[in-house]
Amino acid sequence: ITKVKKMKVKSMSKILSNSTSYANDFITTYDDVLAKPEHDKLLQEMFNLKFAYGETDEADTPPSGMSSDLDPNKHYTHTILESYLQNLECLKDCYCQRSYINLFAPNERTYFHHDFTEYTVLYYPGPSWNINDEGETKFFFNSNPFNDVIQNGAEEMPIMVSIAPIPNRLTIFKGDVLHSATSFRDKHRFSVAFKYLRKEND
């Protein structure tokens with residue numbers, strides 16, 4: 001029997017700070033997540049992964065982008081990010097069903113979809129971004145769930161919220177929120193995704 005040793009990361013218990021909540025807490029971002037040595041090591045691993053085409057968001061949409069699955073026992077990217085995520089209160093009753101990296105080519109078309117998870121976590125590794133690059137994650141709401149958005153006679157109109165893919169930013173949201181990635185104008189776009197499901201009661 002071969003025992004598989006799980007990759008160890010120093011200071012396994014890490015704290016997320018610098019948070020911003022949007023849309024009545026439907027979406028939360030955390031900035032400056034990784035220390036520079038951690039971020040550099042993640043980028044080095046990411047650029048050496050093999051990606052496969054064929055990721056499908058919904059049954060009625062064609063594949064878009066490429067992806068590379070992460071092995072919790074092998075990949076630093078999974079281990080270092082989960083060392084931060086494990087301390088989030090909202091994930092205490094959840095487990096990570098899958099982690100992987102998405103890769104979109106410049107100007108590639110993407111589709112809105114639901115994840116059907118308890119929570120989805122996205123990490124934007126960069127390595128760089130400015131506002132004209134685009135590349136945001138868009139969230140679509142059919143009705144207005146926001147206390148700070150006032151609609152006068154336009155209550156039937158949908159609302160869209162966009163989160164900028166600032167390098168070293170992490171975004172967490174409920175998986176039933178309709179959302180879509182956006183490609184960059186002239187460079188490839190990477191994002192790390194964690195899909196969390198609720199633990200079943202014993």
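**Figure 1. Helix 2 and its packing partners.** The buried residues of helix 2 (76-85) pack against helix 1, strand 5, strand 6, strand 9 and strand 11. Contact here means heavy atoms within 4.5 Å, and helices (H or I, at least four residues) and strands (E, at least two) are DSSP runs numbered from the N terminus. This is a predicted model, in which local features need pLDDT of at least 70 and side-chain atom pairs count only at pLDDT 80 or more, while totals for chains, interfaces and linings use all residues. Residues are numbered from 1 along each chain as its sequence is written, and side-chain values use heavy atoms, with hydrogens and water left out. Of the 10 residues of helix 2, 9 are buried, so the helix is largely enclosed by the rest of the structure. They are Tyr-76, Thr-77, His-78, Thr-79, Ile-80, Leu-81, Ser-83, Tyr-84 and Leu-85. Buried means under 20% relative accessible area, exposed means over 50%, and partly exposed lies in between (1.4 Å probe, protein chains only).

**Figure 2. The two sides of helix 1.** Now to helix 1, which spans residues 36-46 and has Glu-38, His-39, Leu-42, Leu-43, Glu-45 and Met-46 as its buried residues. These cover an arc of only 165° around the axis, which puts them on the same side of the helix; the arc is that of the directions from the helix axis to the C-beta atoms. Exposed on the other side are Lys-36, Pro-37 and Gln-44. The buried residues of helix 1 pack against helix 2, strand 5 (94-104), strand 6 (119-124) and strand 11 (189-198).

**Figure 3. A salt bridge within helix 1.** Look for Lys-36 and Asp-40, whose closest N and O atoms are 2.7 Å apart in a salt bridge. The term stands for a side-chain nitrogen of Lys or Arg within 4 Å of a carboxyl oxygen of Asp or Glu. Because they are 4 residues apart in helix 1, Lys-36 and Asp-40 are separated by about one helical turn. Lys-36 is exposed at a relative accessible area of 59%, whereas Asp-40 is partly exposed at 34%.

**Figure 4. Strand 2 and its neighbours on either edge.** Strand 2 (residues 27-30) is covered on both faces, with Ile-27 and Thr-29 buried on one side and Thr-28 and Tyr-30 buried on the other. Strands count as paired if DSSP finds at least two bridges between them. Strand 1 (residues 19-22) runs antiparallel to strand 2 and is joined to it by 4 bridges, with Ser-19 opposite Tyr-30. The two strands form a hairpin with 4 residues between them, and Ala-23 in the turn has a positive phi of about 55°. Strand 9 (residues 169-174) is also antiparallel to strand 2, again with 4 bridges, and here Ile-27 stands opposite Phe-173.

**Figure 5. Salt bridges across the chain.** The whole structure holds 11 salt bridges. In one of them, Asp-31 meets Arg-169, with 2.7 Å between the closest N and O atoms. This pair links distant parts of the chain, 138 residues apart: Asp-31 sits in the loop between strand 2 and helix 1, and Arg-169 in strand 9. Both Asp-31 and Arg-169 are buried. Another salt bridge joins the side chains of Arg-185 and Glu-134 (3.2 Å, N to O). Arg-185 lies in the loop between strand 10 (178-180) and strand 11, and Glu-134 in the loop between strand 6 and strand 7 (137-141), 51 residues apart. Arg-185 is partly exposed, at 43% relative accessible area, and Glu-134 is partly exposed too, at 30%. Salt bridges that share partners also join Asp-93, Glu-118, Lys-174 and Arg-198 into one network.

**Figure 6. The largest nonpolar core.** A nonpolar core is a set of buried Ala, Val, Leu, Ile, Met, Phe, Trp, Tyr and Cys residues joined through side-chain atoms within 4.5 Å. The largest has 29 residues, and Val-33, Leu-34, Leu-81, Leu-85, Ile-101, Tyr-123 and Tyr-196 have the most contacts inside it. Helix 1, helix 2, strand 5, strand 6, strand 9 and strand 11 each give two or more residues to this core, and the largest share, 5 residues, comes from helix 2. Not counting residues up to four places away in sequence, Leu-34 touches His-39, Leu-42, Ile-80, Leu-81, Tyr-84, Tyr-123 and Asn-168. A second, separate core of 14 residues includes Ala-23, Tyr-100, Phe-139 and Phe-146.

**Figure 7. Surroundings of Ile-101 in strand 5.** Ile-101 counts as buried, at 0% relative accessibility. Leaving aside neighbours within four places in sequence, its contacts include Met-46, Leu-49, Phe-51, Met-66, Thr-77 and Phe-190.
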